[in-house]
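The exercises below ask you to work through a protein model step by step. Try each task with the structure open before you read the solution beneath it.

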Number of protein chains: 2
Amino acid sequence: MARVVVDVMLKPEILDPQGQAVANALPRLGVTGVESVRIGKRIEIEFAGTADVERAREIADKLLANPVIEEFTVHLPDGDS
Amino acid sequence: MARVVVDVMLKPEILDPQGQAVANALPRLGVTGVESVRIGKRIEIEFAGTADVERAREIADKLLANPVIEEFTVHLPDGDS
């Protein structure tokens, strides 16, 4: 089994209220120095044979990301692209 | 500004119906060879000064992950830990 990771994040120009809620909660919890927080999705796809990055990109494009508001990157688990 | 990434995934023993729904949809879309799909969260924390991995770990522990069902890893954006 081989794993490919797809990271889906909102585009920078799209507001992220969930991330803002976390960022706003931090000072109340005594954590300072955080400028912003953005929350996206991490999807791990396990392939039966070898890791197929191109196939994973196709799945992300069709099914995992909304291209109007999101952008995604596909990579192997250790951060290699 | 310096970014730290927190990846939050369900523990392996916890069922992931959202990921299963994606995995089940793939053969209908003509994509084969995928064994399983798991969907978690990717959180990007921007620090005002330098990237503070320990501070990010504290935030993840307090606010971002539910330790009963989730596990998290904290790393710098390029995959360095």
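**Exercise 1. A pair across the chains**

Are Arg42(B) and Asp7(A) buried or exposed? Decide this, and then work out how the two side chains are related.

Solution. Keep in mind throughout that this is a predicted model. Begin with accessibility: Arg42(B) is buried, and Asp7(A) is buried as well. Next, look at the charged groups, whose side chains meet in a salt bridge with an N to O distance of 3.0 Å. Finally, place the two partners: Arg42(B) belongs to strand S2 (residues 34-47) of chain B, whereas Asp7(A) belongs to strand S1 of chain A, so this pair joins two chains. As background, side chains of opposite charge can pair when their charged atoms come close.

**Exercise 2. The relation between the copies**

Find the operation that superposes chain A on chain B, and state what kind of axis it implies.

Solution. The superposition takes a rotation of 180° with 0.0 Å of shift along the axis, and it leaves an RMSD of 0.0 Å. That is the relation of a two-fold axis. Turning to the interface, 100% of the interface residues of chain A are also interface residues in chain B, so the copies meet through the same surface.

**Exercise 3. The surroundings of Asp7(B)**

Locate Asp7(B), judge its accessibility and list what it touches.

Solution. Asp7(B) sits in strand S1 (residues 2-10) of chain B. Its relative accessible area is 4%, and because buried means under 20%, Asp7(B) counts as buried. Leaving aside residues up to four places away in sequence, Asp7(B) touches Arg42(A) from chain A, together with Lys41(B), Arg42(B), Glu71(B), Phe72(B), Thr73(B) and His75(B). With His75(B) there is also a polar contact between the two side chains, at 2.8 Å.

**Exercise 4. A loop residue**

Describe how Asp16(A) is placed and which backbone atom its side chain reaches.

Solution. Asp16(A) lies in the loop that runs between strand S1 (2-10) and helix H1 (17-28) of chain A, and with a relative accessible area of 5% it is buried. Its contacts, not counting residues up to four places away in sequence, are Leu10(A), Val37(A), Arg38(A) and Ile39(A). Of these, Val37(A) is 21 residues from Asp16(A) along the chain, yet their C-alpha atoms are separated by 8.5 Å. The side chain of Asp16(A) reaches the backbone nitrogen of Ile39(A) at 2.7 Å.

**Exercise 5. Salt bridges in two settings**

Compare the accessibility of the partners in the pairs Glu44(A) with Arg42(A) and Glu54(B) with Arg57(B).

Solution. The side chains of Glu44(A) and Arg42(A) form a salt bridge at 3.1 Å, N to O, and both residues are buried. Glu54(B) and Arg57(B) form another, with their closest N and O atoms 3.4 Å apart. These two residues both lie in helix H2 (residues 53-64) of chain B, three residues apart, which is about one turn of the helix. Glu54(B) is exposed at 52% relative accessibility, while Arg57(B), at 35%, is partly exposed. Elsewhere, salt bridges that share partners join Arg3(A), Arg42(A), Glu44(A), Glu46(A) and Asp7(B) into one network.

**Exercise 6. Two helices from two chains**

How are H2(A) and H1(B) oriented to each other?

Solution. Helix H2 (residues 53-64) of chain A packs against helix H1 (residues 17-28) of chain B at an angle of about 105°, and their axes are 11 Å apart. The helices are therefore roughly perpendicular to each other. At the contact, Ile59(A), Leu63(A) and Leu64(A) in H2(A) meet Val22(B), Ala25(B) and Leu26(B) in H1(B).

Methods:
Residues numbered from 1 in each chain as written. Chains lettered and ligands numbered in written order. Predicted model: local features only at pLDDT ≥ 70, side-chain atom pairs only at ≥ 80, totals over all residues. Heavy atoms only, no water. Least-squares fit on C-alpha atoms with pLDDT ≥ 70 in both. Contact = heavy atoms within 4.5 Å. Helix = DSSP H or I, 4+ residues; strand = E, 2+ residues; numbered from the N terminus. Buried < 20%, exposed > 50% of the residue type's maximum accessible area, 1.4 Å probe, protein only. Polar contact = N/O pair within 3.5 Å; in protein donor to acceptor, adjacent residues only side chain to side chain. Salt bridge = Lys/Arg side-chain N within 4 Å of Asp/Glu carboxyl O. Axes fitted to C-alpha atoms, helices over the stretch in contact; angles between N-to-C directions. Parallel < 35°, antiparallel > 145°, perpendicular 65-115°, else oblique.
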